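This report covers charged side-chain pairs and nonpolar packing. Have the coordinates open while reading.

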Amino acid sequence: MMTHEEASELLAALALDAVDSAEREQIEAHVAQCPRCQSELDSLREVASAMGNSVAALPEGLWSSISTRIYEDQNGETPPSELILGGLSESTRSLRAMSSRRARTLVSSFSALAAAAIVVLAFSLASANGHVSRLNSALNRSANNVVQAALLTPGRKLVNLKSSAQVELAQFVLLPDGRGYLVKSNMPALSSNETYQLWGVINGTPISIGLMGDSPNQVGFTVSGGPTPSSLDVTVEPAGGTQMPTSPVVASGAA
Amino acid sequence: MQEFSEASDAQLVTSIGRYSEVALAEVYRRHGGAVYGLARRVLNNATEAEDVTQEVFLRLWNQPDRYDPVRGSLRSFLLAQSHARAVDAIRSLNSRRVRETNEAVKTARAEYDMQHEVWDLTVTHHVAQALGELPEEERRAIELAYFEGHTYVQVAQILNQPEGTVKSRIRNGMQRMRSVLVEAGVQEVE
């Protein structure tokens with residue numbers, strides 16, 4: 001076991017990745033139980049990162065490569081050929097499959113297609129995440145204003161989501177710039193281990209827009225670039241959501 | 001309505017934990033250029049730098065909980081990952097590749113906002129100044145280690161100096177740089 005003095009002498013070298021793997025293990029073993037060295041190492045790593053902080057122009061296609069690998073990891077296949085996400089627009093290319101997989105189910109990241117579809121869930125997060133419940137009242141007020149403004153926006157489109165028995169369960173307003181908001185909901189509250197999940201159907205494939213929580217109230221999202229969903233669907237999924245619908249559509253409406 | 005472009009880095013990482021690829025895209029937009037730039041500088045190879053950048057962001061996607069905002073900035077965390085992977089790539093080769101001509105690192109053009117670009121440039125300026133003010137032997141040891149991926153033992157061999165001396169020079173130089181950066185206001189006081 002490395003002593004404190006030995007380890008502290010090498011912290012700067014470790015921050016520069018200038019030790020071999022055996023030394024690294026020994027130093028890290030000491031650091032793990034020495035808050036002083038941990039703090040010193042964190043600080044020196046900030047210095048090292050500052051040295052490497054120049055910004056290069058990003059290569060064309062790099063984001064697509066990353067996104068494609070995420071997609072392949074989840075789906076074991078190559079996504080469609082166009083990815084537009086948050087202002088990034090690149091052609092995708094086939095890449096090797098990822099070796100490691102995130103073990104949890106996936107909510108909103110259907111990379112290529114999700115790109116075309118969405119995802120700003122500022123309001124729904126309030127209902128999906130208890131940590132921000134205290135913000136609900138403020139969100140409610142601002143959300144109502146946003147929805148009212150959306151309803152008055154020229155070119156807005158209303159989408160009525162109905163059950164198979166043609167009962168209207170929810171209404172969304174979609175704006176020409178891609179934003180969408182829940183106007184009203186008659187969907188019954190679910191148990192806390194379930195959530196409503198909103199899907200945009202693109203070329204017949206449901207793409208997760210995001211979670212609506214167990215008692216939908218305010219939901220907002222943005223469709224960023226790419227094809228517009230032909231319809232909006234809602235399913236009931238386990239809390240945390242799923243990558244693909246696992247239950248029948250409870251409400252659907254042509255967009 | 002909060003847009004991801006306005007979210008803090010810590011909020012973005014939380015959203016990545018909820019499988020928001022849009023949040024990952026925003027982190028990439030903010031920090032991808034730095035991650036790629038550092039890997040490219042260390043590796044002097046664009047293709048390998050792209051591989052490193054991919055690995056860094058896929059790791060963030062797969063293990064967002066490895067980032068602890070209490071221990072430092074997300075930029076620093078990602079750069080540390082990028083550097084470690086780039087160095088691993090260098091050391092895994094039996095012999096050093098013929099390196100591409102090292103293109104000058106360009107200033108921020110990662111579609112990030114002007115405020116952060118200015119900050120990046122400010123940090124870059126102060127770091128260059130801090131490095132320049134170091135005694136030559138300390139600066140050389142740090143540069144060989146950090147930008148060329150050598151261990152301090154290898155640096156000692158290159159400089160024909162005792163290992164203990166190089167170890168001390170790296171340590172003293174890093175501490176001196178930290179003081180300069182803290183004084184310049186681009187690094188927090190620990």
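E138(B) is buried, because its relative accessible area is 6% and the cut-off is under 20%. The model is a predicted one. The side chain of E138(B) meets that of R176(B) in a salt bridge, 2.7 Å from N to O. This pair links distant parts of the chain. E138(B) sits in helix α6 (residues 136-146) of chain B, and R176(B) in helix α8 of chain B, 38 residues away. R176(B) is partly exposed, with a relative accessible area of 39%.

**Salt bridges**

How many salt bridges are there over all chains? A search of the whole structure gives 13. Three pairs, with their N to O distances, are set out here.

| Acidic residue | Basic residue | N to O distance |
|---|---|---|
| E138(B) | R176(B) | 2.7 Å |
| E9(A) | K167(B) | 3.6 Å |
| E168(A) | K184(A) | 3.9 Å |

K167(B) and E9(A) form a salt bridge. Which parts of the structure does this pair join? K167(B) lies in helix α8 (residues 163-184) of chain B and E9(A) in helix α1 (residues 4-15) of chain A, so the bridge joins two chains. K167(B) counts as partly exposed at 21% relative accessibility. E9(A) is also partly exposed, at 34%.

E168(A) bridges to K184(A). Here the partners sit on strands: E168(A) in β4 (residues 168-174) and K184(A) in β5 (residues 179-185), both of chain A. They are 16 residues apart, and the pair links distant parts of the chain. E168(A) is partly exposed at 26% relative accessibility. For K184(A) the relative accessible area is 44%, again partly exposed.

Some charged residues form a network. D9(B), E26(B), R29(B) and R30(B) are linked by salt bridges in this way.

**Nonpolar cores**

In soluble globular proteins, nonpolar side chains tend to be buried together. The largest nonpolar core has 80 residues. Which members touch the most others? They are L16(A), M51(A) and M174(B). Helix α2 (residues 21-43) of chain B gives the most to this core, with 13 residues.

M51(A) has contacts in both chains. Beyond its neighbours within four places in sequence, M51(A) is in contact with L16(A). Its partners in chain B are V127(B), L131(B), I142(B), Y146(B), F147(B), M174(B) and M177(B).

A second core is separate and has 19 residues. Among them are L161(A), A170(A), M212(A) and V219(A).

How values were computed: Residues numbered from 1 in each chain as written. Chains lettered and ligands numbered in written order. Predicted model: local features only at pLDDT ≥ 70, side-chain atom pairs only at ≥ 80, totals over all residues. Heavy atoms only, no water. Salt bridge = Lys/Arg side-chain N within 4 Å of Asp/Glu carboxyl O. Helix = DSSP H or I, 4+ residues; strand = E, 2+ residues; numbered from the N terminus. Buried < 20%, exposed > 50% of the residue type's maximum accessible area, 1.4 Å probe, protein only. Core = buried A, V, L, I, M, F, W, Y, C linked by side-chain atoms within 4.5 Å. Contact = heavy atoms within 4.5 Å.
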